[in-house]
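Please look over the sequence and the structure below, and then follow the text from one place to the next.

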Amino acid sequence: MNILATENKALITLFGATGDLAKRKLYTSLFKLYQKGYLADHFALLGTSRHELSDDEFEKMVLDSIKDIPAKDGEAEAFAKHFFYCAHDVTKPEHYVKLKDRLAELDKQFGTEGNRLFYMSMAPQFFGTIAINLKKQGLITDKGYNRLVIEKPFGRDFDSAKKLNDELSQTFEENQIFRIDHYLGKEMVQNIQALRFGNPIIEALWNNRYIDNIQVTLSEKLGVEERAGYYDKSGALRDMLQNHIMQVVAQLAMEEPVAFTDDDVRVEKIKALRSLRVYTPSEAAANFVRGQYDAGNGTNAYRNEDGVDPESGTETFVAAKLMFDNYRWSGVPFYVRTGKKLADKFTRIDVVFKKPLIDIFANPDAKNQNLASNVLTIYVEPKSGFALQLNAKHVGQGYTTEPVDLQFLQSDSAKKESPEPYERLFHDALEGNHTNFASWAEIAYAWKFVDVIRNLWDIEKPSFPNYVPGSMGPAAADELLARDGRKWVYRLNR
Ligand code: NAD
């Protein structure tokens with residue numbers, strides 16, 4: 001299908017314009033939107049950071065960031081002409097006056113009609129200060145829109161997240177805030193809703209009558225690399241579970257929205273997270289597992305990585321069992337896990353269906369004849385698609401059954417055409433569509449769930465390290481399921 005792109009008129013102010021994220025993801029995403037016509041003549045970006053740069057130097061930096069993207073003659077240069085720079089220390093209120101004047105000029109020059117999108121791509125301790133100063137120093141316009149796009153992390157716990165949200169709320173209404181969770185920009189995460197609500201044969205079975213358990217795995221092969229300083233203060237629970245995993249789980253657990261609009265989807269995700277059981281400390285201890293990688297398979301132990309405290313108690317792996325107390329999911333565990341230095345890099349969701357109440361094929365004289373569970377696997381990355389495991393008759397004499405797979409995988413060319421998460425999310429923010437952003441209520445419920453175990457882990461000394469690189473985490477993560485008579489669908493042969 002050929003969808004005609006409409007131009008978005010917008011003046012973007014980017015805080016953290018010389019940072020890693022801006023250079024690796026943001027300029028490339030904006031360039032792709034420009035190539036597709038979603039941005040054209042009426043847009044400009046004012047980059048800011050503490051560095052002193054001229055407009056020309058900034059333009060060169062932007063050109064360097066997009067140099068690997070195939071483009072028509074002169075296209076990159078024409079794009080870069082929309083970029084301007086203003087050195088600015090976000091902690092100095094008087095600096096905002098310079099920004100304000102520059103924005104007023106650019107608005108006129110590019111005809112952006114007062115539409116302002118402020119993007120905070122900086123260390124989170126500055127988010128609140130920037131938001132407050134934007135209003136105090138008069139950078140918010142009264143014609144067009146004012147929108148705030150904000151990077152993760154959104155707080156370190158419920159209290160700090162609430163403080164940040166209160167600060168943002170002094171300047172922006174909830175419907176003006178776009179909290180980035182790049183997992184929500186992934187093709188197959190967005191596909192969960194099409195798969196569920198576009199297919200009655202799936203949605204009809206999407207409940208505790210037919211589903212035995214749901215498993216979500218975000219597995220990373222890499223260690224902490226250059227992010228050790230940040231990661232050692234964060235850990236897997238805050239870095240991956242509180243945000244990405246909770247957002248994926250909310251999409252799996254939510255009820256069907258009245259319509260596929262951002263407001264309707266939000267309402268249902270919030271309702272789902274409201275029914276997530278918040279554990280008591282002893283329940284949390286029983287339903288969470290933490291791990292930290294040891295040395296092995298040619299790599300250092302986490303504690304010996306550069307920038308990591310040699311006695312660090314930070315978890316590089318977390319697994320948990322989540323329960324929803326609502327009519328649809330009562331009794332169905334959602335098992336989740338994520339970690340660094342695991343066997344491979346992939347994200348997948350396994351929906352394990354219940355076995356038939358009576359297995360008419362069971363034959364006590366033959367081994368391995370029990371029916372396998374039907375499993376719907378959603379491959380998020382690196383492969384994108386889904387597979388449905390069914391039971392079929394084994395070809396040949398006699399009557400034995402065996403599991404077979406129906407599989408759909410997106411082709412390499414389809415994957416290539418699919419926009420990167422940041423491109424999608426930038427476009428959504430420009431269009432004012434909240435569907436793929438986390439609301440404050442969702443974040444608040446996620447923190448309340450996570451804070452119980454964090455508080456416990458912060459006072460109890462872990463026995464780390466407890467897993468070898470190249471494995472799927474500590475043995476306790478397997479025991480979490482084994483104690484319920486279950487197994488991870490994806491596991492290594494041990
Ligand atoms: P970075 O450290 O590379 O860049 C920070 C930017 O902020 C720089 O431009 C710096 O000059 C500017 N800055 C710092 N102090 C300032 C001040 N007082 N006044 C004005 N400017 C100041 O950080 P990054 O990796 O680009 O990350 C930015 C944000 O994006 C963070 O919230 C991070 O958590 C989030 N994020 C980054 C990545 C990534 O891949 N880099 C991925 C996900 C989320």
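Leu 357 is counted as exposed because its relative accessibility is 91%, and exposed here means over 50% relative accessible area. As for its place in the chain of this predicted model, Leu 357 sits in the loop that runs between strand S11, residues 346-353, and strand S12, residues 375-381. Together with Ile 358 and Ile 360, Leu 357 makes a nonpolar patch of about 450 Å² on the surface.

From this patch we turn to the ligand. Which residues come nearest to the ligand, out of the 20 around it? They are Thr 18, Asp 20, Leu 21, Arg 24 and Met 122. When the residues of this shell are sorted by character, 7 are nonpolar, 7 are polar and 6 are charged. Helix H1, which spans residues 20-35, supplies 3 residues of the shell, and this is the largest share.

Some of the contacts with the ligand can be followed atom by atom, and each of those described here involves an oxygen atom of the ligand. In the side chain of Arg 24, an N or O atom lies 2.5 Å from an oxygen atom of the ligand. The backbone also takes part, since a polar backbone atom of Met 122 is 2.8 Å from a ligand oxygen, while a backbone N or O atom of Gly 19 is found 3.2 Å from an oxygen atom of the ligand. The ligand taken alone exposes 830 Å², and of that area the protein buries 77%.

Definitions and conventions: Residues numbered from 1 in each chain as written. Predicted model: local features only at pLDDT ≥ 70, side-chain atom pairs only at ≥ 80, totals over all residues. Heavy atoms only, no water. Patch = residues over 30% accessible without salt bridge, like charges linked within 9 Å, V, L, I, M, F, W, Y side chains within 5 Å. Areas by Shrake-Rupley, 256 points an atom, 1.4 Å probe, with all protein chains shown as cover. Salt bridge = Lys/Arg side-chain N within 4 Å of Asp/Glu carboxyl O. Helix = DSSP H or I, 4+ residues; strand = E, 2+ residues; numbered from the N terminus. Buried < 20%, exposed > 50% of the residue type's maximum accessible area, 1.4 Å probe, protein only. Near = heavy atom within 4 Å. Polar contact = N/O pair within 3.5 Å; in protein donor to acceptor, adjacent residues only side chain to side chain. Nonpolar A, V, L, I, M, F, W, Y, C, P; charged D, E, K, R; others polar.
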